[in-house]
Every structure is written in C-alpha cells, then in structure tokens.
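I opened my notebook to look up how the parts of this structure meet. My entries follow.

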2 protein chains.
Amino acid sequence: MDPHATETDRASTATRILDAAQAQIQRRGYNAVSYGDLADALDLTTAAVHYHFSSKADLGKALVARYRQANADARAAIQEEEETLRGQLERYVEGYVGILESGGLCLCGVLAADDETLPAPVRREVRGFFADQEDWLAEIIADADDAELAGHDAPREVAELLLATIEGAMLTTRHRGPDAYRTLLRRFIDTVAS
Amino acid sequence: MDPHATETDRASTATRILDAAQAQIQRRGYNAVSYGDLADALDLTTAAVHYHFSSKADLGKALVARYRQANADARAAIQEEEETLRGQLERYVEGYVGILESGGLCLCGVLAADDETLPAPVRREVRGFFADQEDWLAEIIADADDAELAGHDAPREVAELLLATIEGAMLTTRHRGPDAYRTLLRRFIDTVAS
DNA sequence: GTCTATAAACTGATAGAC
DNA sequence: GTCTATCAGTTTATAGAC
C-alpha cells in the first residue's frame, strides 16, 4: 500500500460508495438517493457505481449488512468495557448521537419507513437489525444485578420499548439537535436502571 | 346532490386524491409516490391530478394540513369524553392502530424520515404536527389529578417521551401487527398513569 | 374538470472501448 | 476499474382541446 496515500485514497471505491450511500440515505431516505447522486458525490460515473454494485438491491443489502456488523462490533465493545447496566445503556444510547449530529437518522429506522418499497433482501436485513438490538438489550437487562434493576420482570419488553424510544426520539427530535434526544433517553434509562 | 350517488362518488376528486396520497405515502414514503401512482389508483390522468394540486409541494402541504386538523378533532373528542388521564392516553394511543392495520405508519413519522427532501411548507406542517401532539399531551398530563399521576413532575418531558415511543413503536413493530404496538404502549402508560 | 399530447429531466441499468 | 454512449421507463409539469 502506498504510504503517501491519503486516508480517502486508501479506502476502496466500494467502501467509499457505501459511505456516500449511507450518509445520503440516512438524510434523505432510500428512494431519494440515486446512482447519479452517488456518482456525483464521488466524482465517478453511474457505470462505475454499477460495476461495484450491480443493482440498487445489491447496494442496499451490502449497506445494511455492513451497518449491522459495525453495530454488532460496537455492542460487543460496550459489553466488554462497561460493568454496570446503566453504563452499558448510556453508551449504547450515545452511539446514535453521531448520526443525529450529521443530520441523519438510524439507517434502519429510515429504511423501515420505506419498507414497502425495499427489495426483499434489504427488508430482511433491516428486520434482522431490529432483532439484533432487541436480543442484545434483552440479554444485558436480564443479566444485570437485581440491585441495579428498577424492578423489571420482563427484559424483552423493556428492550423493545427502549429500541422504539431510540428510533422514535431520533425521528421527532432530529430538527432540535442531539441534546433533545439525550434528554429523552436519559429519562428513559432512569426508569430502567438505578 | 344525486341521492343515488355512492359514497365514493360523493367525495370530491380533491378529497379522493388526498385519500389516495395519504394511504400510499404512509405505506411507501413521500418520494415513492408519484402523480402517476395517484392517477392510476383513481382512474384519472396526471393532468387531472395537477388540476387539483398544481405541484407536489402543494399536495403535500394540503395533505399534512388535513391530517393535522383531523388529529386535532380526535384529540378534542378524547378530552371531552374521557375523564381520567389513563382513559385519555389509552384512547390517544389506540388512535394510531388503524394506520398500522392498513400497513402504514403515522403520516408525519414517514415524512420526518424524508425530512431533507420535503418542500419547506411540508416540513413546517410536519413539525407543527409534532408540536401539536407534545403540547396537548403535556397539557392533559399537567391537568391530571395528583392521585392519578405516577409521581411525574415534568409533563413536557413525559409528553415528548410518549410521542417518541408511539412513532418509534410503529416503526419497529410494523411487520409484527398492531398487538406488538399495543403491548409496548400499554407498558409505557403503566409507568405514567395509575 | 378531465382529457391528449408533450416536454425536459431523471431513473436504474447495459454494451463496449480504454 | 472507469469511461462514453445509450436505452427504455418514469417523474413533475404545462398547453390546449373538449
């Protein structure tokens, strides 16, 4: 690898296409982002984008799969490094703030709104993402010390409620900045963990 | 008016266009619904649709304004007919179930996901809708008997949290049917009203 | 109020040269 | 791996007849 290459140069074109697609879809929705938009953003032609992702279904599926994997890695790090349930939940919730700061929403929240227009493989990935979150949240809530739990007997329901709150808060507070989101989620966590 | 006209005949074309646009946008998102789609659904031409709504911004603005008004009427009826905070919240939450049953999301939830692509007048209406909900919810929570409240001192924050939960629960449970939504919201209300 | 006809731009996608 | 060139289909919108 060329040691003089810039950070941007080092990323493969396929990765740069995924980066641009993610940024634009999170801000504008799936159906408002075209091959032309991505080509323009990267100074390529639409044919070059098609070389890397032969169809939009292909691109969408690869995009959500990558998002899911990055998210799984982040969750693993949280579980390893945070000892208390409160610490884990706070870091998990904070993980979405960067998205809001760049003007977008959770990729899968946006795609869920476009659900009926998604190619089937993309829809499957989106549902898989939600299932991932609910499974993991239910697990860390169930595993928490009794002393830390605010009397919750149904980890799965609390997990689903937290995921819904995160996705909904991003939607309803996106025009007010990240602090509005933080305030809502802090209040939620207060009702779950001591 | 022709006394033999059917229910559908009686509705003006403008109203039928708004009905079709609302149904389709709630299922597919703003940018996946075209004049051609609406014309097809109503057996009209795109030119006829343009006669009633000269631009898509026009149509979108009229659509959200009507949605806001219908919602305001529903809230007024709830406030008049339900005596307890719990009764008011349960009926408010239940008001969104019909949307889920027809396969869609809250119109303004969908539009908020497409935020950056919306014509400015439409975006204003969408934010107005969210403000309407938060104002009203904060008011009924603040007005509730102390005996009924589960120790909440910040009506506004609880109102924002409820709205976020509703919008988010619709997004994350849409593929699981209305009962998944109901279960989540029941649990939320239990934490607010006795 | 609805139609036919049309425009100009954009969409996802392909063929073949370099 | 990227380009030029091109396709058929769609999108928002307008002009003018009925």
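**DNA strand D.** I began with the surface near this strand, where a residue is near if one of its heavy atoms lies within 4 Å. By class, that surface has 7 nonpolar, 7 polar and 2 charged residues. I counted Ala, Val, Leu, Ile, Met, Phe, Trp, Tyr, Cys and Pro as nonpolar, Asp, Glu, Lys and Arg as charged, and the others, Gly among them, as polar.

**Ground rules.** I noted that this is a predicted model, with local features needing pLDDT of at least 70 and side-chain atom pairs pLDDT 80 or more, while totals for chains, interfaces and linings use all residues. Residues are numbered from 1 along each chain as its sequence is written, chains are lettered from A and ligands numbered from 1 in the order in which they are written, and side-chain values use heavy atoms, with hydrogens and water left out.

**Strand D, continued.** Which residues come nearest to DNA strand D? I found Thr45(A), Tyr51(A), His52(A), His50(B) and Lys56(B), out of 16 residues around the strand. Helix 4 of chain A gives the largest share of this surface, 4 residues. Helices here are DSSP runs (H or I, at least four residues), numbered from the N terminus. Of the strand D atoms within 4 Å of the protein, 61% belong to sugar or phosphate and the rest to bases.

I then checked single atom pairs. An N or O atom in the side chain of Tyr51(A) is 2.5 Å from a phosphate oxygen of DNA strand D. For Ser34(B), a polar side-chain atom lies 3.2 Å from a phosphate oxygen of that strand. Lys56(B) uses a polar backbone atom, 2.9 Å from a phosphate oxygen of DNA strand D.

**DNA strand C.** I turned to the other strand entry. The 16 residues that surround DNA strand C have His50(A), Lys56(A), Thr45(B), Tyr51(B) and His52(B) as the closest. Here helix 4 of chain B supplies the largest share of the surface, 4 residues. A polar side-chain atom of His50(A) lies 3.2 Å from a base nitrogen of DNA strand C. The side chain of Thr13(B) has an N or O atom 3.0 Å from a phosphate oxygen of the strand.

**Chain B against chain A.** How many residues of chain B are in contact with chain A? I read 39, facing 39 residues of chain A, with contact meaning heavy atoms within 4.5 Å. The two chains bury about 3,500 Å² between them, 59% of it on carbon and sulfur atoms. Buried area is the accessible area (1.4 Å probe) that two parts lose on being put together, summed over both. Glu116(B), Leu171(B) and Arg187(B) supply 19% of the area that chain B buries, more than any other three residues.

I found 8 salt bridges across this interface, each a side-chain nitrogen of Lys or Arg within 4 Å of a carboxyl oxygen of Asp or Glu. One of them joins Glu157(B) and Arg187(A) at 2.5 Å, N to O. Helix 10 of chain B gives the largest share of the side that touches chain A, 12 residues.

**Inside chain A.** I looked up one more salt bridge, between Asp115(A) and Arg127(A) (3.5 Å, N to O). Asp115(A) sits in the loop between helix 8 (107-113) and helix 9, while Arg127(A) is in helix 9, 12 residues apart. The whole structure holds 34 salt bridges over all chains.

Key:
Helix = DSSP H or I, 4+ residues; strand = E, 2+ residues; numbered from the N terminus. Polar contact = N/O pair within 3.5 Å; in protein donor to acceptor, adjacent residues only side chain to side chain.
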